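Please work through the exercises below with the sequence and the model at hand. A worked solution follows each task.

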Amino acid sequence: MKHGSETLSGFFIILALASGGVATPLAAATRESARKPAAAEAQVTFNRDIAPIVFRNCAPCHHPGEAGPFPLLTYADVKTHGRQIASVTRKRLMPPWLPEPGELKFADELRLSDQEIATIQSWVEQGEIEGNSSDLPRQPAFTTGWQLGKPDVIVRAAKPYLLLAGGSDSYWNFVFRTPVDRSQWLRAIEIRPGDKRLVHHANVLVDREESGRRLEKEPGVGFGGMELVIESEAFDPDSHFLFWKPGSRPYVEPDGMALRLDKNTDLVLNTHFQPSGKPEPIQPTLGLYFTDKPGTRHPILLQLDNDRMLDIPPGERNFLVSDDFTLPVDASVLAIYPHAHYLGRDLLALATLPDGTKKILIHIGNWDLNWQAVYRYEQPVDLPAGTTISMRFTYDNSAENIRNPNQPPKRVVAGNRASDEMAHLWLQVLPHESGDATIDPRVQLQEALALHHLQNNPEDFEAHYNLAALFEMKGQLSAAVLEFTEAVRIRPDDPTANNALGAVLLAGGQIGGAIPHLNTALEGRPDYFDAHYNLGNALAAQGDFAGALTHFQAAVRLHPQDANAEANLGSALAETGNLKGARLHFARALEIDPKNELARENLEQLNRDSHGHPN
Amino acid sequence: MGRRWHTIPVIRLLLVVIVAAGFAWFASTLGARNTAFDLAGNPVDPLKSGGRKIVVLVFVRTDCPVANRYAPTIQKLSEEHAAKAAFWLVYPSKAESAEVIRKHEREYGYRIPALRDPQHVLVKESQVEITPEVAVFSSGRRLVYHGRIDNLYQDVGRTRSVATTHELEDAISAALGGKRLEADATHGVGCYISDLE
């Protein structure tokens, strides 16, 4: 079906200040001891001890063209930032890695051991000795340009965004028109967000319904905003994390996990920038890498949240927001993405297995929006049905939280702006197939999730909508009508929900009930293809062929490549006596889709009639 | 507190003039000791140049992201106080050439005169340790304040959405009004100048 709305509020944000080697003053004691070799300590040299640490952990960002504000590739590079490096590593500000170490390992973990940090401190205290050149490992080689090689297709943002020299952080969304003329499978999207020193993080969302375009003041300019809601089909390739942060390598989906890209699909790049001190035009590009291996395993993004609990009084230092969801099916967790804004402090996700065993899925003890990331597990985490996934996020709305956007603090509730808060936990899970081919575990999971969200908040628009779409998919039309009606009650003017309610009423033969909703959908969004198409059908079913004609004409104008719209336009023309026009559009439908039965049958009928009753 | 008079540097500066004169035939930047230089390579003592204005030295480094992020703030403050305060950008890195500094000034929209301080003469006199830190001198080379510009940064990568204290502006007001500051020295957040030695 053409409707479905999943709120991927977008994974937003952040990659912090480009990174590295900046420093704050060392504690006085360290200052005193600087450059006095500790007698008992072994001598630490750059070539033998420091270079391997720096090359592996720092250089991936700190080399020309990357996010690090200066290179860390040679002895001279490292020496000229030596005390900074000692300071930021000691405080674990660098390399940026938020999760606490735990039982479950993440891929590409960027965390120095205590020993490595101590070695760096000793090296600086001992006077930054270079050491024997024969000890120096080979300098790492980095690919310049596209990390995955030349992309099959490159798309560039139509217009640059101008980041101002000063002020606070900026959030901008670029809408890319995808250049495919048929559905293709993607194994990777490489995001080149522009000058990497400015971008904290970037995220691609697949937008099949032009949700992003509708927010642009003029085509191609993009639009502001920290969080996004993208409409999608019920099960969608959105269930992939397409995330960029400084130093991250583009992720290539394994075989069978490719994501589908259709024509007329947009890719929306949600970005977070920090001013650099000078004006910077930013014009990102995306590299698309296709594969001929279609997606056969379809993950789902589970979203835990509890926005209704988010109502944080000013001054509150330890405000808890929790959510608990029990998996109805066996599933593997592939990746996790916790998200809060500037008040978030301690972010914990926990799995309690049916036997009572607990696994920490992720624990971030010192949340920093600037370094948020998607974390992929080194090995998928298998969780049996009956496992409860728990989100425990705490928030600090005191004046002592230096990131608090409100000084003095004020009451903060859930919302999409930087001064609002969020408590979201996304998990990318792969539900296991059940033995019964008639049961789709994804449907079970989505249904359980929608019901869970409604339990948290009976006024959850998206949950009613998604539940309705699932009922509709299973052919339970009256249940679908009830849930879509709830969605429309909550947002009476929402075009998507009105269209969906109209469509499902129409499918159940309740034409009179459908028409007002379809009209409402078009009032809100006059260029809504689905609503024109559905209203055309509703009017035709009532015998109002002239009315139907208008809407099919609008539909064909909006989607000139839609064979069904052409065929229906042909039918409406035939009914209103324009046989020549009807033939033309049936022929056009068959040109687009030679297998379009409606067009073929109607055209044959028309030909038979014209033999019997020559004009 | 304490360090109110800097008689010794004055004597050293006298020596400098002699030494510099002696080596004036070749690159003055190589020859001159105990001085900062303008971008043409001439020795300059910004603390003598103020006349009746107070002098603000702003220590920066072209590759320090924290210092760079302050560029609009620094430029704006220099314009607001132009009538009474002479601002100088001071680049303490030996490695940053006049050409690199000119490019940096252009890119970041600076219209403040720049000095190179490869021998850290001004760094020492100003008692600064970090870029970006500032030093405010009233007439008579009296160091009124040295340290951070404001409290935007708590640490590297840890910033407020806006600064809530404005130490440089307070120091300028204090110097102009002949008042003493509660805190005449703070620590900046940014890049260590000693790493440049």
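The exercises that follow concern a predicted model.

**Exercise 1. Describe the secondary structure and overall dimensions of chain A, and decide how its compactness compares with that of a globular protein of its length.**

Solution. Begin with the inventory: chain A contains 15 helices and 21 strands. Next, take the radius of gyration, which is 28 Å, close to the 25 Å that the globule rule gives for 615 residues, so chain A is as compact as a globular protein of that length. The C-alpha trace of chain A spans about 110 × 50 × 45 Å along its principal axes. Then turn to packing: 49% of the 615 residues in chain A are buried. Finally, among contacts in chain A with a separation of 6 or more, 76% are between residues 24 or more positions apart.

**Exercise 2. Identify which residues touch the most other members of the largest nonpolar core, and which helix gives the most to this core.**

Solution. The largest nonpolar core holds 137 residues, of which A:L269, A:V333, A:I336, A:A468 and A:F484 touch the most other members. Helix α7 (residues 461-473) of chain A gives the most to this core, namely eight residues. A second, separate core has 75 residues, including A:A67, A:A86, A:I120 and B:I130. To examine one residue of the largest core, select A:V333. Leaving aside residues up to four places away in sequence, A:V333 touches A:L361, A:Y377, A:P380, A:V381, A:L383, A:L427 and A:V429.

**Exercise 3. Locate the domains of chain A and characterise the contact between domain 1 and domain 3.**

Solution. The domain assignment gives domain 1 (28-135), domain 2 (153-291), domain 3 (300-439) and domain 4 (468-612). The C-alpha centres of domains 1 and 3 of chain A are 32 Å apart. Ten residues of domain 1 of chain A contact 15 residues of domain 3 of chain A. On the domain 1 side, the residues comprise six nonpolar, one polar and three charged.

**Exercise 4. State how many residues each chain gives to the contact between chains A and B, and classify the chain A side.**

Solution. Chain A provides 29 residues and chain B provides 32 residues. The chain A side divides into 14 nonpolar, eleven polar and four charged residues.

**Exercise 5. Explain why strand β8 of chain B is largely enclosed, and describe how it pairs with β7(B).**

Solution. Five of the six residues of strand β8 (residues 142-147) of chain B are buried, so this strand is largely enclosed by the rest of the structure. Strand β7 (residues 133-138) of chain B runs antiparallel to β8(B), and five bridges join the two. Within this pairing, B:V134 stands opposite B:G147. The hairpin has three residues between the strands, and B:G140 takes a positive phi near 80 degrees.

Definitions and conventions
Residues are numbered from 1 along each chain as its sequence is written. Chains are lettered from A and ligands numbered from 1 in the order in which they are written. This is a predicted model: local features need pLDDT of at least 70, side-chain atom pairs count only at pLDDT 80 or more; totals for chains, interfaces and linings use all residues. Two residues are in contact if their C-beta atoms, placed from the backbone, lie within 7 Å. Ala, Val, Leu, Ile, Met, Phe, Trp, Tyr, Cys and Pro count as nonpolar, Asp, Glu, Lys and Arg as charged, and the others, Gly among them, as polar. A residue is buried if 20 or more other C-beta atoms lie within 10 Å of its own, exposed if 12 or fewer, and partly exposed in between; C-beta atoms are placed from the backbone. Helices (H or I, at least four residues) and strands (E, at least two) are DSSP runs, numbered from the N terminus. Two strands pair if DSSP finds at least two bridges between them. The radius of gyration is taken over C-alpha atoms; the globule rule is 2.2 Å times the number of residues to the power 0.38. A nonpolar core is a set of buried Ala, Val, Leu, Ile, Met, Phe, Trp, Tyr and Cys residues joined through C-beta atoms within 7 Å. Domain bounds come from an automatic or database domain assignment.
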